Amino acid sequence: MNRILVTGGTGFIGSHTVVELIKAGYEIDILDNLYNSKYAALDKITQLTGHRPTFFMADLCDAAALERIFAKNHYDLVVHFAGLKAVAESVAEPLKYYDNNVVGTINLLKCMQKYGVKRIVFSSSATVYGQQPTARNQETMVTGVNLTNPYGETKHVIEEILKDVVDSDPEFSATILRYFNPVGNHPSGLLGEDPNDIPNNLMPIIMKVASGELSELKVYGADYPTRDGSGIRDYIHVVDLARGHVSAIFHMRPGVNIYNLGTGKGTSVFEMIAAFEQASGRKLPVKVVERRPGDLPEIYADPSKAEQELNWRANLTIADAMRDTLTYLNNRPKPLLAMLGRYTLNLNSTTSPSRMM
Ligand code: WQD
């Protein structure tokens, strides 16, 4: 099993996974519509691995384009990242999310079936857990109940579709990976979270505050029943997450297999801010505001199933993620505001920020 098609392979998690898959000896093709990623990711992947994946600019909702790709290329497996993932946007535009994420996946699965591609690794999300009796989430928990956003619903629906396809075809295998909160960037500083859209997530927003694109970080609630009042999540370094995909492929087994990819540890918003300030040597402008609708107080992974069955565990720390984020920030062309000299990022000093002007 050597030739893999990665949908969404120029994206944040996809590009990091492609690097690890190439390093593990797989031959990779990428399919991406570049809606929320950049073609330049291909150059970075090539720089990091010495191999340039074949790239198809295509949209999963374009069934004819998919047909052309599968008719001319045989794949042993598909890793499926492509999908919209902005929670707030999904609330405002649910049909866009059901069309893109669910219909797109159905188109992909139809092509796979027609051309005899019998294995898929699906990029799911801890969002499918919703509110559970305990903060530590296990794969055996009931999912899809009282989800707070269409994005999470699409992930849950796709998981159910995969289970039904496997029930209908014993030769078909689906590994479902439920990500918790991916953070950090490749240590080289070449690959990173560089969304085209306006981010919802904590780390890209910290990055925009640090680079001067945003004036302050809003903390959505400091009155949660947690150790410091702010929300607690399981932040997993994106390179650990990528390596989890390599392990999942190596240990692929028949049927549907579901795994949490998380560290098993929770970190609060205030602790993430402190970690970034520690790594950068500068204070972030922060303002506590009201809770964000739909947010849970605390959720983190029970990663024991992936540890046992995939022989995988997250090794990188929050400090590693902050270090790599700063490397990436310093490697990116600086946004205009920061170029105007509001702040530089003090990578080495431990004193207060130096102003350029
Ligand atoms: C984390 C914490 C916020 C922004 C979502 C998706 C999930 C996955 C990861 C795709 C919370 C707080 C955030 C800000 C803040 N996505 N926060 N100020 O909501 O746990 O999960 O992203 O795979 O599917 O649901 O992540 O980063 O948005 O929030 O205080 O400006 O940071 O309240 O406690 P979340 P997040």
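Which backbone N or O atom lies 2.7 Å from an oxygen atom of the ligand? The backbone atom in question belongs to Leu 202. The model discussed in the points below is predicted.

1. Ligand surroundings. There are 19 residues around the ligand, and those that come nearest are Ser 125, Thr 127, Leu 202, Arg 233 and Asp 295. Leu 202 makes its approach through a backbone N or O atom, at 2.7 Å from a ligand oxygen. Arg 233 uses its side chain instead: a polar atom there is 2.6 Å from an oxygen atom of the ligand. Tyr 151 also brings a side-chain N or O atom to the ligand, with 3.0 Å between that atom and a ligand oxygen.

2. Strand S4 and its neighbours. S4 covers residues 77-80. It pairs with strand S1 (residues 3-7) in the parallel sense, over four bridges, and Ile 4 is the residue opposite Leu 77. S4 is also joined to strand S5 (residues 119-125) by three bridges, and these two strands run parallel as well. In that pairing His 80 faces Phe 122 of S5.

3. Side chains of S4. In a regular strand the side chains alternate between the two faces of the sheet. In S4, Leu 77 and Val 79 point one way, while Val 78 and His 80 point the other way. All four are buried.

4. The second largest cavity. Rolling a probe the size of a water molecule over the atoms shows where empty space is left. The structure holds two cavities of 30 Å³ or more, and the second largest has a volume of about 40 Å³. His 80 and Phe 122, which stand opposite each other in the S4 and S5 pairing, are both in its lining. The rest of the lining consists of Phe 81, Ala 82, Gly 83, Asn 101, Thr 105, Lys 155 and Ile 158. Helices H5 (94-114) and H6 (150-168) are the elements that give two or more residues to this lining. By class, the lining residues are four nonpolar, four polar and one charged.

5. The second largest pocket. Its volume is about 160 Å³. The lining has 14 residues, and Thr 263, Lys 265, Leu 316, Thr 317 and Ile 318 lie nearest the centre. Strand S11 (235-237) and helix H11 (318-331) are the elements that give two or more residues to the lining. S11 gives the most, with three residues. The lining divides into seven nonpolar, five polar and two charged residues.

6. Positive phi in two loops. Leu 34 is not a glycine, yet its phi is positive, at about 60 degrees. This residue sits in the loop between strand S2 (27-32) and helix H2 (40-49). Leu 34 counts as buried because its relative accessibility is 19%, and the cut-off for buried is under 20%. Asn 311 is another residue other than glycine with a positive phi, near 55 degrees. Its place is in the loop between helix H10 (304-309) and H11. Asn 311 has a relative accessibility of 64%, so it counts as exposed.

7. Cys 61. This residue lies in the loop between strand S3 (54-57) and helix H3 (63-72). Its relative accessibility is 34%, and therefore Cys 61 counts as partly exposed. Between Cys 61 and Gly 281 there are 45 Å in space, C-alpha to C-alpha, and the two are 220 residues apart in sequence.

Key:
Residues numbered from 1 in each chain as written. Predicted model: local features only at pLDDT ≥ 70, side-chain atom pairs only at ≥ 80, totals over all residues. Heavy atoms only, no water. 1 Å grid on protein atoms, 1.4 Å probe; cavity = no way out; pocket = protein on both sides within 12 Å on 5 of 7 lines; lining within 4 Å. Points joined across faces, edges and corners; volume = space filled by probe spheres on them. Nonpolar A, V, L, I, M, F, W, Y, C, P; charged D, E, K, R; others polar. Buried < 20%, exposed > 50% of the residue type's maximum accessible area, 1.4 Å probe, protein only. Pairing = 2+ DSSP bridges. Near = heavy atom within 4 Å. Polar contact = N/O pair within 3.5 Å; in protein donor to acceptor, adjacent residues only side chain to side chain.
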